[in-house]
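User: Please take a close look at one part of this model and explain in connected prose how it is placed among its surroundings. Please state the cut-offs behind each term.

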Amino acid sequence: MIRRQTLSALRLSMSHGIYPICPLLKKNVCVGDKDDLKERRRVVELSVLADGLAGCNMCNNPLSLSHTTRVLNYGLGALLKIPCKNTGCQYTNTVPTGKRHQKVFDMNTKLATGMLHAGIVTTHINSLLTALNIPTVSHAMMDRRQRETCDALETLTNKSTEEWTIEELRLTSEQTGDEQLAVSVDAGWQKRGSGKAYDSLSAKAMEQDMIVEMVSECNEKGLKTGTVIGDDDSTTIGRLRRHVDANIKKYLTRIM
Ligand SMILES: [Zn+2]
């Protein structure tokens, strides 16, 4: 039974983003002893674990999970140090709990991709993992994994945006005979990185910068923007005409 004080302390630590700290955290690895496997839950790819336990790397003698002497935790994944019980061998095997690419656990990269998709940060993930009694992940490691996935996602996003802009241009030309794009623009920032709200003036200035940059980039790629659809802010269209194209048209939308 969990004592009331323990539960309160756990709730308090989770609400403040404080999680159980690994006592032996060195670089990006958290080292646990043989009890680490009994005390905490794991994310495990069973087929990978089964392959690792199938035979010792030296003598091919089957290995047993219960013989684990040390656990090296790398985020969600872990390397299990399991000595061979063949008395003539006694080689210490390293058995991974999941697939890896260049020594990086796939499950950590997948977690980083999932976080970007869900729009959540490491603190949210660690709250969830703590509640599940699964080892938490470090901010530094998740930053590295997000950088790894960001490049791939950015390339994919740019490719997709370009393809659909060309398609939009084709459909516009087909339906109106116009060879230029009509684009609807809007943007908003509610919070700074510090958590404080943006004031409306700086948010508006950023929106204008962003629109000028996007329309310029499109024009440079040969995807000309003829009309901008937006709110009744005249500064944005003024900047577009001054910096990008003097003939760009404005179509007004009103928020009901
Ligand atoms: Zn062996």
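Analyst: The account below follows one helix and its surroundings, then turns to one strand.

The model is predicted, so local features are restricted to pLDDT of at least 70 and side-chain atom pairs to pLDDT 80 or more, whereas totals for chains, interfaces and linings use all residues. Residues are numbered from 1 along each chain as its sequence is written, and side-chain values use heavy atoms, with hydrogens and water left out.

Helix α6 spans residues 139-176; helices (H or I, at least four residues) and strands (E, at least two) are DSSP runs numbered from the N terminus. Its buried residues are M141, M142, R145, Q146, T149, T165, L169 and T172, where buried means under 20% relative accessible area, exposed over 50% and partly exposed in between, with a 1.4 Å probe and protein chains only. In general, an α-helix has 3.6 residues a turn, so residues three or four places apart point the same way. The buried residues of α6 pack against β3 (70-74), β7 (104-105), α4 (106-118), α5 (122-132) and β8 (181-184).

Within this set, Q146 counts as buried because its relative accessibility is 19%. Beyond its neighbours within four places in sequence, Q146 is in contact with A112, M115 and L116, contact being heavy atoms within 4.5 Å.

The helix also has a kink of about 25°, centred on C150; the bend is the angle between axes fitted to the seven residues ending at a residue and the seven starting there. L153, also in α6, counts as partly exposed because its relative accessibility is 32%. Just after the helix, G177 takes a positive phi of about 80°.

As for the strand, β4 covers residues 77-83, and seven of its seven residues are buried. G77, L79, K81 and P83 point one way, while A78, L80 and I82 point the other. β4 pairs with β3 in the antiparallel sense over five bridges, pairing requiring at least two DSSP bridges between the strands. In this pairing V71 stands opposite L80. The hairpin of β3 and β4 has two residues between the strands, and in it G75 takes a positive phi near 65°. β4 also pairs with β5 (residues 92-96) in the antiparallel sense over five bridges, and there L80 stands opposite V95.
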